[in-house]
Amino acid sequence: MRFPLASTAKVASHIIRHKLKGTPRFATVLQLEPLHTCNLTCTGCGRIREYSTSLKDVMPLEDCLQAPIDCNAPMVSICGGEPLIYPQIEALTDGILGQGRIVYMCTNAMFMRRKMRAWLAKEFLKKPQVVEKHLVELVAQDLVSAKDADAVRQGPKDPAAPVIAPNQFFYWNVHLDGLEYTHDLIVEREGVFKECVLAMRMAKLLGYQVATNTTIYKETDMAEIEAMYEFLGEIGLDGHTISPGYDYDAAKKDMVERLGLQPENFFLTRDMTREKFKDSLDWAARFPFLNTPVFLEFLAGQRELTCSAWAVPTRNIGGWKGPCYFMTDNHFSSYGELLEKVDWDKYGVVQGKARDPRCENCMVHCGYEPSATLGGKENAQRGDMWKNIKFNFGSKPKPSGKGKTVNAFNGVTAGRGHLTGEQVKRAAAKPSVAAAAA
Ligand code: SF4
Ligand code: SF4
């Protein structure tokens, strides 16, 4: 099966229940942003620019735990900012899993290995022999240093503190936008791709479920993304989501002011998206994609869908963000108020016409993936249900073996570094540095 049966049953029963009741709009995935602080400054990230907050600005744990109850989505994507910086991330994860929901931890992976060592240290108290076996393997594979392995053997600093443990309803969801050179360029820091790979390998060795999420930009080389999926197949990952980039106003402003880039050279129009995604259905057959085939048909230009942004609401420090994850016209005090006060007929693209100019080029998963899943008279076509059943219950694609030959470490590891972030400013002050790196 492409998806674990227990998770599929959880989501399917939620949708069927609402369909039988005739609920016109309901949540399927909650995007929970407990904070907007991040340790990276990725090019194109609207979040850290729209909400340039400090570590003091975090949602209280009780509000974070109340949000999934309020909208009753079966899946919660904990994002941000970097959610692993949230001071009570372990208690938050535990609490949402305890509500019987599926958790996706959307992370840049820079703190993943630390969090997994914390789990190992706690586990060491209960199962020292099992953990010792893991440690020997992790040290042998350079996924944990000998010093960190010794620290794990000391046990947890606070044995009562919660940790993020492997769980059938928990996924690490790692942000990856290309192979080493490209990914490090986009996240504006060298070494991030390498850390992502180490963290994902460690997670799989310890029995966690791991997925990736990738954004496609105008400059993305789709052959490189295909090679990335071949490479990730060798790590044995559990799934991938892919989505075209959205041109946030805040990200556009930052690109012009800080990087001197022109946004129209970075973000995709609808036609460009269709061209980029023309092979995505073939990819879904070869790689363990989590996107539905109906959404991929939409991205490939084979059908139209209308936007269902109400199904993927965003809750952050400002409240319930409306109308969608990308556009902020207002924040509301509850999911019910968001549903009631937003005039949903004003958004999306219908029969090629954008109802709001900001929606014109948007084909993102959080607006259109729920339309693909939920169907409805505007979106459903004959045969969709069987297509989805075949996709969900069909066998999971296996690695082809080609990933072994992919030159994934083609950036700084291969002596092909580049200037990013603060280095650009330093090089501008010292032109000789820029010339040497060119
Ligand atoms: S890691 Fe995520 S939240 Fe942080 S800057 Fe990059 S895209 Fe934005
Ligand atoms: S089309 Fe995109 S930008 Fe417009 S409301 Fe839907 S998700 Fe938001």
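**Cores, ligand shells and a hairpin**

Me: Which residues is Val210 in contact with, leaving aside its neighbours within four places in sequence?
Reply: This is a predicted model, in which local features need pLDDT of at least 70, side-chain atom pairs count only at pLDDT 80 or more, and totals for chains, interfaces and linings use all residues. Residues are numbered from 1 along each chain as its sequence is written, while chains are lettered from A and ligands numbered from 1 in the order in which they are written. Contact means C-beta atoms, placed from the backbone, within 7 Å. With that rule, the partners of Val210 are Tyr171, Trp172, Val174, Met200, Ala203, Lys204, Leu237 and Asp238.

Me: Nice! Which helix gives the largest share of the largest nonpolar core?
Reply: A nonpolar core joins buried Ala, Val, Leu, Ile, Met, Phe, Trp, Tyr and Cys residues through C-beta atoms within 7 Å, and buried means 20 or more other C-beta atoms within 10 Å of a residue's own. In the largest core, of 107 residues, Cys196, Ala203 and Val210 touch the most other members. Helices here are DSSP runs (H or I, at least four residues). The largest share, 8 residues, comes from helix α9 (residues 192–206).

Me: Which residues come nearest to ligand 1?
Reply: A residue counts as near if its C-beta atom, placed from the backbone, lies within 6 Å. Of the 13 residues around ligand 1, the nearest are Cys38, Leu40, Cys42, Cys45 and Asn108.

Me: And which residue of β9 is the bridge partner of Trp320?
Reply: Strands β8 (residues 319–323) and β9 (residues 328–332) run antiparallel, joined by 4 bridges; pairing takes at least two bridges found by DSSP, and a strand is an E run of at least two residues. The partner of Trp320 is Phe332.

How values were computed
A residue is buried if 20 or more other C-beta atoms lie within 10 Å of its own, exposed if 12 or fewer, and partly exposed in between; C-beta atoms are placed from the backbone. Two residues are in contact if their C-beta atoms, placed from the backbone, lie within 7 Å.
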